[in-house]
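User: Please take a close look at one charged side chain in this predicted model. I would like its surroundings first, then the other charged contacts and the empty space in the protein.

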Amino acid sequence: MTWCRRGPRASGGAIRVTETFTATDHALMARALRLAERGTYTTKPNPMVGCVLAHGDDVVGEGWHQRAGEPHAEVLALQAAGERAKGATAYVTLEPCAHVGKTGPCADALIAAGVARVVAAMRDPFPQVDGAGFDKLRAAGIAVEYGLMETQARALNRGWLSRIERGRPWLRIKLATSLDGRSALASGESKWISGEASRLDVQRWRARCGAIVTGAGTVLVDDPSLTVRLGDDTPFVAPLRVVLDPGLATVARGRVREGDAPTLYLHAPDAKPPRGLSAQTAPVAVHGGRFDLDAVLKLLAAREVNEVQLEAGATLAGAFLAAGLVDELLLYVAPVLLGSRARPLFEGLDIDAMTQKLKLTVVESRRIGEDVRLLLQPAQDAPRQ
């Protein structure tokens, strides 16, 4: 199937009418998306971007953005192509930037190299770009088309897009559960419901996020370190560890402050951080004894966090879910039973009728060791607050 996107320009003037995308276009954009994905653990807070330069189906250069502050995908692809970039088509997963940040504008680099055509998966919603890159390229006589495999490109950068477009990070809740839907024993003990393979798999999800959030209760009961342990030489940027602790009851204890990863305690405005505390602290509004969870996410967005992984107990997980702030559930279902006295997955949903049930869409189901990993998202018709 071939299709094209004829979207509006960011500024006035006629736009170039695009041709339908060919099988070669699809194949090379898919290649660019695979390249972009290589930056999953290292590009934050920047988006993941891949670029392929080709004459027809002959690839002459390719690259991906590897780390914030370092060259962008287009620049690396141009360096690899050299003189062969002239007259080539550039397949890039995000609109080339048109502003000066830590690096120069990629649109200018493509123009200087003499590429003939740019095919982008999607427009860049970042205010300093948002069509300006396309405008520069068109003004230089370069054919510009976009919208090819946009759904895949948006899914790849869902965290970054959430921060830019919604002003809050993408929120994923990670939970391990028994077959009877229990997340811990009545005492709070939860080590270990899931198997070793699942616990290793969680590390990959931790590595991709910008912050791992937990509550004071989890720190007191489980004493987690909330660090990334990949077990190989895969590079990653350590996520911020965030503890929601209104009264700062846990600052004097816990493995969450050990190691090189940074730690941030979010507390009630009237709590006083102790002198000499090495960890970061920040106040967040509290209403009726509960954190303003929307404010928590906005604070993290202001710190350039794209993805948040919540690893907490049933009360905090239920509060985020009831507030309509959860974008994704990462659920490890173990073939065990914990019984009726064990704790549920979520507290505080207050569902009294079947019409109130929270519908979820299964995005992915995969066997991980003896467990089943489910990736779920709230259905589009689910109520949001």
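At what relative accessibility does D294 stand, and what does D294 count as on that basis?

Analyst: The model is predicted, and the values below are computed from it. D294 has a relative accessibility of 28%, so it counts as partly exposed; the buried class ends at 20% and the exposed class starts over 50%. Its side chain forms a salt bridge with K298, and the closest N and O atoms are 3.1 Å apart. Both residues belong to helix α9, which covers residues 293-302; they are four residues apart, so about one helical turn separates D294 from K298. An α-helix has 3.6 residues a turn, so residues three or four places apart point the same way. K298 is also classed as partly exposed, because its relative accessible area is 47%. Elsewhere, R158, R172, R208, E307 and E328 are joined into one network by salt bridges that share partners.

The salt bridge of D294 belongs to a longer list, since the search of the whole structure gives 20 salt bridges under the 4 Å limit. One of the others joins the side chains of R154 and E165, at 2.7 Å from N to O. R154 is in helix α5 (residues 150-156) and E165 is in helix α6, so this pair ties together parts that are eleven residues apart in sequence. R154 has a relative accessible area of 30% and is therefore partly exposed. E165, at 41%, is partly exposed as well.

Another pair is D201 and R373, whose side chains meet in a salt bridge of 2.9 Å, N to O. This pair links distant parts of the chain: D201 is in helix α7 and R373 is in strand β18 (residues 371-378), with their positions 172 residues apart in sequence. D201 is buried because its relative accessible area is 15%. R373 is buried too, on account of a relative accessible area of 5%.

R163 is a charged residue without such a partner. It sits in helix α6. R163 is buried, yet it makes no salt bridge. The nearest side chain of opposite charge is that of E304, 4.5 Å away, and a salt bridge needs a nitrogen within 4 Å of a carboxyl oxygen. Beyond its neighbours within four places in sequence, R163 contacts P45, R168, A301, E304, V305 and N306.

Next, the enclosed space. Three cavities of 30 Å³ or more are found in the whole structure. The largest cavity has a volume of about 110 Å³. It is lined by 15 residues, and those closest to its centre are N46, M48, R208, N306 and E307. R208 and E307 are also members of the salt-bridge network, while N306 is one of the contacts of R163. Helix α6, residues 158-166, gives the most to this lining, with three residues. By class, the lining of the largest cavity has four nonpolar, seven polar and four charged residues.

The open space is described in the same way. The largest pocket holds about 1400 Å³. Its lining has 50 residues, with T214, T218, E311, A312 and G313 closest to the centre. Elements that give two or more residues to this lining include β6 (170-177), α7 (196-208), β8 (211-215), α8 (216-222) and α10 (314-322). Helix α7, where D201 lies, gives the most to the pocket lining, with seven residues. The classes in the pocket lining are 22 nonpolar, 16 polar and twelve charged residues.

Helix α2 can be set beside these charged sites. In α2, the residues A73, E74, L76, A77, L78 and A81 are buried. The buried residues of this helix pack against β1 (50-55), β2 (58-64), β3 (89-92) and α3 (106-113). A80 is also in α2, which covers residues 73-81, but its relative accessibility is 43%, so A80 counts as partly exposed. Apart from neighbours within four places in sequence, A80 contacts V60, G61 and E62. G82 follows the helix and has a positive phi, near 60°.

To return to the request, D294 is partly exposed at 28% and forms a salt bridge with K298.

How values were computed
Residues numbered from 1 in each chain as written. Predicted model: local features only at pLDDT ≥ 70, side-chain atom pairs only at ≥ 80, totals over all residues. Heavy atoms only, no water. 1 Å grid on protein atoms, 1.4 Å probe; cavity = no way out; pocket = protein on both sides within 12 Å on 5 of 7 lines; lining within 4 Å. Points joined across faces, edges and corners; volume = space filled by probe spheres on them. Nonpolar A, V, L, I, M, F, W, Y, C, P; charged D, E, K, R; others polar. Buried < 20%, exposed > 50% of the residue type's maximum accessible area, 1.4 Å probe, protein only. Lys, Arg positive; Asp, Glu negative; His and termini not counted. Contact = heavy atoms within 4.5 Å.
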